[in-house]
Amino acid sequence: MRILHWFRKDLRLDDNTALSEAAHDGDVIPFYTSEPALLGRPDMAATRVRFALDSLRALDDAIRRRGSALALAHGDAAATVVAAARAAQADAVYWNDEYESSLRRRDDAVEAALRAAGVRVKRFHDRLIVAPGAVATQQGGPFSVYTPFRKACEAQPVSAPHPPVTRFATHALPTPKLAPLGALGFDDPTAARWPGGEREARERLAEFLSPLDSALARYGDQRDVPSVRATSLLSADLKFGTIGIRRVVAEVRAAVAAQPSLRASADKYVSELRWRDFFAHVLWHWPHVESGAFRPMYDALAWRGDARQFEAWTQGRTGYPIVDAGMRELLATGLMHNRVRMIVASFLTKDLLMNWQLGERHFMKHLVDGDLAANNGGWQWAAGTGTDAAPYFRIFNPTSQGQRFDPDGAYVKRWCPELAAVPASHVHAPAAAPPLLLAAAGVTLGESYPFPIVDHAVQRDACLAMYRAVRPDVA
Ligand SMILES: Cc1cc2nc3c(=O)[nH]c(=O)nc-3n(C[C@H](O)[C@H](O)[C@H](O)COP(=O)(O)OP(=O)(O)OC[C@H]3O[C@@H](n4cnc5c(N)ncnc54)[C@H](O)[C@@H]3O)c2cc1C
């Protein structure tokens with residue numbers, strides 16, 4: 001049997017469910033199609049396109065080393081996949097499923113077109129630890145709260161990783177060179193920081209687990225400290241599938257077997273991976289979150305909007321150093337530490353009183369790991385409009401968050417170098433520092449570093465009033 005494997009967000013040979021099944025069932029023709037509808041989305045980030053291109057080049061190289069080449073097409077998915085299946089005389093097309101509603105609709109259309117053309121289709125669950133729909137509450141419904149979701153998932157076995165596929169069929173489909181990023185109309189200043197590809201992903205995982213300097217060992221108690229390398233930095237790899245989720249879990253468990261003192265950190269790490277599952281399940285069960293609040297009453301919030309304040313937030317010029325450091329890290333690297341994402345998201349929604357969807361879109365335009373489910377879930381969590389949301393009245397104080405999670409100011413000083421000489425005691429609130437201390441540190445507020453653009457205490461009260469106005473249950 002000749003089987004076309006349609007690569008999508010599974011750009012790897014190792015631990016790839018549909019690809020392994022295809023290799024088991026027949027001769028595999030590797031195929032990828034780029035879609036103008038996806039590339040042209042207004043929230044597409046140059047850094048993600050670049051990461052995908054890197055990963056595709058690496059995938060093609062790996063397939064060429066195995067005697068074939070990655071077939072490439074460009075155009076509408078249904079048309080290109082059917083045309084490729086016909087031209088390659090494939091009996092079947094296999095792929096791993098996606099869970100966003102627009103991608104599910106696309107896949108259903110491709111499946112219908114293939115079946116109409118007499119080609120068999122097999123779709124597989126691959127992307128998450130637990131497939132959407134595989135766990136349910138006692139009433140049989142989906143989980144809207146994380147902790148019971150996690151417990152239900154923990155009761156399910158984690159499958160072992162699939163071994164890498166080593167054989168591909170030769171074929172006569174087009175294998176043109178991948179276009180450079182610039183030819184697609186994108187420019188990515190962060191290119192050097194996050195090279196994409198299966199080998200890079202495995203190296204990032206190995207570094208995270210390295211017995212010499214294990215970031216995993218620090219994960220349990222320092223994952224919230226943005227100046228410390230204590231997290232895996234695998235989010236873009238998981239997004240594009242340059243690493244398989246079963247491989248990650250298996251290697252983390254192997255590290256614990258070799259060094260049992262890692263267990264608590266490893267359990268915490270796997271529970272964070274399950275947040276990724278959780279938000280993907282939420283999106284699958286409640287696709288309305290793509291365009292509005294999980295709890296629709298929050299769609300009525302009377303957000304304020306000030307274009308200048310939004311601009312200051314995007315550029316890291318709010319006068320709140322931890323917020324500014326995070327927003328500058330995002331622009332410079334395409335990533336932002338999770339704790340800082342929570343702080344800047346709270347600041348936009350609860351200090352600037354701006355719609356979380358503006359922040360969601362800005363993040364998608366810049367994040368190398370930008371992912372609809374995780375990003376939407378993170379923003380709705382921060383805004384208090386989502387599933388397992390922080391209650392609306394729990395409002396982060398950006399100054400005390402900075403003092404708590406960046407006590408020596410190392411993170412702020414890295415991204416806001418104009419504050420480098422301010423002592424740690426004042427670096428999270430320069431506007432409250434004695435003028436002589438600021439002068440000695442070479443800081444002139446309003447010139448070298450901005451005054452705070454809002455007063456947190458005032459905004460906090462305004463925010464509470466704004467939320468209470470849409471909560472009939474709160475007096
Ligand atoms: C407002 C906001 C927006 C976010 N947007 C995204 C996004 O677009 N894409 C994205 O992958 N993550 C997003 N996150 C979650 C989290 O910030 C990143 O996954 C994490 O910072 C990536 O770094 P890491 O790989 O070192 O994480 P680690 O701590 O090493 O975690 C390992 C993996 O678990 C997953 N994960 C961890 N925490 C979360 C979480 N809270 N939600 C979902 N998955 C999680 C990620 O895949 C991550 O790579 C967002 C969080 C917030 C608060």
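## Domain interface and ligand site

About 680 Å² is buried between domain 1 and domain 3, and carbon and sulfur atoms give 56% of that area. Buried area here is the accessible area (1.4 Å probe) that two parts lose on being put together, summed over both. Asp43, Arg48 and Glu100 supply 60% of the area that domain 1 buries against domain 3, more than any other three residues. In this interface, nine residues of domain 1 are in contact with eight residues of domain 3; contact means heavy atoms within 4.5 Å. The centres of domain 1 and domain 3, taken over C-alpha atoms, are 39 Å apart.

This is a predicted model: local features need pLDDT of at least 70, side-chain atom pairs count only at pLDDT 80 or more, and totals for chains, interfaces and linings use all residues. Residues are numbered from 1 along each chain as its sequence is written, and side-chain values use heavy atoms, with hydrogens and water left out.

The chain is assigned domain 1 (2–126), domain 2 (128–160 + 196–285) and domain 3 (296–468). These bounds come from an automatic or database domain assignment. The ligand lies between domain 2 and domain 3, because both give residues to the shell around it.

The ligand has 27 residues around it, where near means a heavy atom within 4 Å. Tyr219, Thr231, Ser232, Leu233 and Asn338 come nearest. By class, the shell holds 15 nonpolar, seven polar and five charged residues. Nonpolar covers Ala, Val, Leu, Ile, Met, Phe, Trp, Tyr, Cys and Pro; charged covers Asp, Glu, Lys and Arg; the others, Gly among them, are polar.

Three polar contacts to the ligand (pairs of N or O atoms within 3.5 Å) are listed below.

| Protein atom | Ligand atom | Distance |
|---|---|---|
| Thr231, polar side-chain atom | oxygen | 2.6 Å |
| Ser235, polar backbone atom | oxygen | 3.1 Å |
| Glu272, side-chain N or O atom | nitrogen | 3.4 Å |

Taken alone, the ligand exposes 810 Å², and the protein buries 94% of that. These accessible areas come from the Shrake-Rupley method with a 1.4 Å probe. Helices H9 (235–240), H11 (263–285), H14 (338–351) and H16 (372–383) are the elements that give two or more residues to the shell. H11 gives the most, with six residues. Helices are DSSP runs (H or I, at least four residues), numbered from the N terminus.

Note on methods:
Polar contact = N/O pair within 3.5 Å; in protein donor to acceptor, adjacent residues only side chain to side chain.
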